[in-house]
Amino acid sequence: MNKRLRVSASTAAVGLVIAGAHFIGATSAHADGVKPSVPPGTEPSASAPVPIDSNSPGLKIPQGGTLAPIKVLDIAEVVEDLGGEQRRQETNQTVMMALQSEVLFPENSAVFNAQAAARIQAIANEINTQKATRVRVFGFTDDQGSYEHGKELSKQRADAVQAELAKTVTSPGVIYDVRGYSEDYPIADNGTEEGRKKNRRVEITFPRSAPAGGS
């Protein structure tokens, strides 16, 4: 029986790794020497806020008060296998599937194991269902070993997943953004083996199709 753990049914997606719909050549402005908390181009991307007139008589603001900048947050739903091997995160704009490296590759390898193809093909079928034409494939490692080795391994794994996706994805002209980030952007504590296992992952992200009847 495939048990699944619902991690969060309605969570504001501030700082989450996968929210966003910008794929190729996106960058993130940040202070010198300060790394962004998520890979560049993957920041939350909810729709623009509705304009509000700060002088509207309907607003009850204390005398001398001002409105803070308006923000609209993506709502994220996260579902994770009980063992944590696969995690699905959805926002109003994107779907992200994260697979732990152990379910795809032997240790320190970018060659698929026997079960990898079926898992990736299932994700490719959903990409077809969503009619996505842009797909992000990002690889990550833990902080063990050198950073450069992790960079190479994470990119090789992302390349392998993209090549397998391309065998099943049928949408013409799909654009893939494939990157390896080594130990950057951990999602768990690298001080424990459980945390390192979560950090060793490949994330596949694609836009959700517009709901039927939507504008």
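Let me start with one working rule: a residue is called buried when its relative accessible area is under 20%. Take Tyr-181 as a trial case: its relative accessibility is 7%, so Tyr-181 counts as buried. Please keep in mind that what we are looking at is a predicted model.

Let's stay with that tyrosine for a moment. What is the ring of Tyr-181 paired with? Its partner is Phe-140: the ring centres are 5.6 Å apart and the planes stand at 15 degrees, so this pair is stacked. Phe-140 belongs to strand 5, while Tyr-181 sits in the loop between strand 6 (175-180) and helix 3, so the pair ties together parts that are 41 residues apart in sequence. Phe-140 is buried too, with a relative accessible area of 1%. These two also have company, as ring pairs link Phe-138, Phe-140, Tyr-181 and Tyr-185 into a cluster.

Now, Phe-140 has another neighbour. The charged end of Arg-201 sits over its ring, 3.8 Å from the centre. Arg-201 also forms a salt bridge with Glu-203, with 2.8 Å between the closest N and O atoms. Are Glu-203 and Arg-201 buried or exposed? Both are buried.

That brings us to strand 7. Of its 7 residues, 6 are buried, so "mostly covered" is a fair description. Which strands pair with strand 7? Strand 4 (residues 94-100) runs antiparallel to strand 7 and is joined to it by 7 bridges. Strand 5 pairs with strand 7 over 5 bridges, again in the antiparallel sense. If you'd like to find these pairings on the screen, look for Gln-100, whose bridge partner in strand 7 is Arg-201. Then look for Phe-138, which stands opposite Glu-203 in strand 7.

Let's move on to the charged pairs. Side chains of opposite charge can pair when their charged atoms come close. How many salt bridges does a search of the whole structure find? The count is 11. One of them joins the side chains of Arg-88 and Glu-126, at 2.5 Å from N to O. This pair links distant parts of the chain, with Arg-88 in strand 3 (residues 86-90) and Glu-126 in helix 1 (residues 116-130), 38 residues apart. Arg-88 and Glu-126 are both buried.

Another salt bridge brings together Arg-200 and Asp-142, at 2.6 Å from N to O. Arg-200 is in the loop between helix 3 (193-199) and strand 7 (201-207), and Asp-142 is in the loop between strand 5 (134-140) and helix 2 (147-168), so this pair ties together parts that are 58 residues apart in sequence. Again, both residues are buried. They also belong to a network of salt bridges that links Glu-102, Asp-142, Glu-193, Arg-196 and Arg-200.

Finally, the nonpolar side. The largest nonpolar core has 24 residues, and those with the most contacts inside it are Leu-104, Ile-127, Val-161 and Leu-165. Which element gives the most to this core? Helix 1 does, with 5 residues. Val-161 is a nice one to click on: its contacts include Leu-104, Phe-105, Ile-120 and Val-202.

One last aromatic pair before we stop. The structure holds 4 such pairs, and in one of them the rings of Phe-105 and Phe-112 have centres 5.1 Å apart and planes at 20 degrees, so they are stacked. Phe-105, at 4% relative accessibility, counts as buried, whereas Phe-112, at 25%, counts as partly exposed. Thanks for listening!

Conventions. Residues are numbered from 1 along each chain as its sequence is written. This is a predicted model: local features need pLDDT of at least 70, side-chain atom pairs count only at pLDDT 80 or more; totals for chains, interfaces and linings use all residues. Side-chain values use heavy atoms; hydrogens and water are left out. A salt bridge is a side-chain nitrogen of Lys or Arg within 4 Å of a carboxyl oxygen of Asp or Glu. Helices (H or I, at least four residues) and strands (E, at least two) are DSSP runs, numbered from the N terminus. Buried means under 20% relative accessible area, exposed over 50%, partly exposed in between (1.4 Å probe, protein chains only). Two strands pair if DSSP finds at least two bridges between them. A nonpolar core is a set of buried Ala, Val, Leu, Ile, Met, Phe, Trp, Tyr and Cys residues joined through side-chain atoms within 4.5 Å. Contact means heavy atoms within 4.5 Å. Rings of Phe, Tyr and Trp (its six-membered ring) pair if their centres lie within 6.5 Å; planes under 30 degrees apart count as stacked, over 60 as edge-to-face and the rest as tilted. A charge sits over a ring if NZ of Lys or CZ of Arg is within 6 Å of the ring centre and within 35 degrees of the ring normal. Lists of a residue's contacts leave out its neighbours within four places in sequence.
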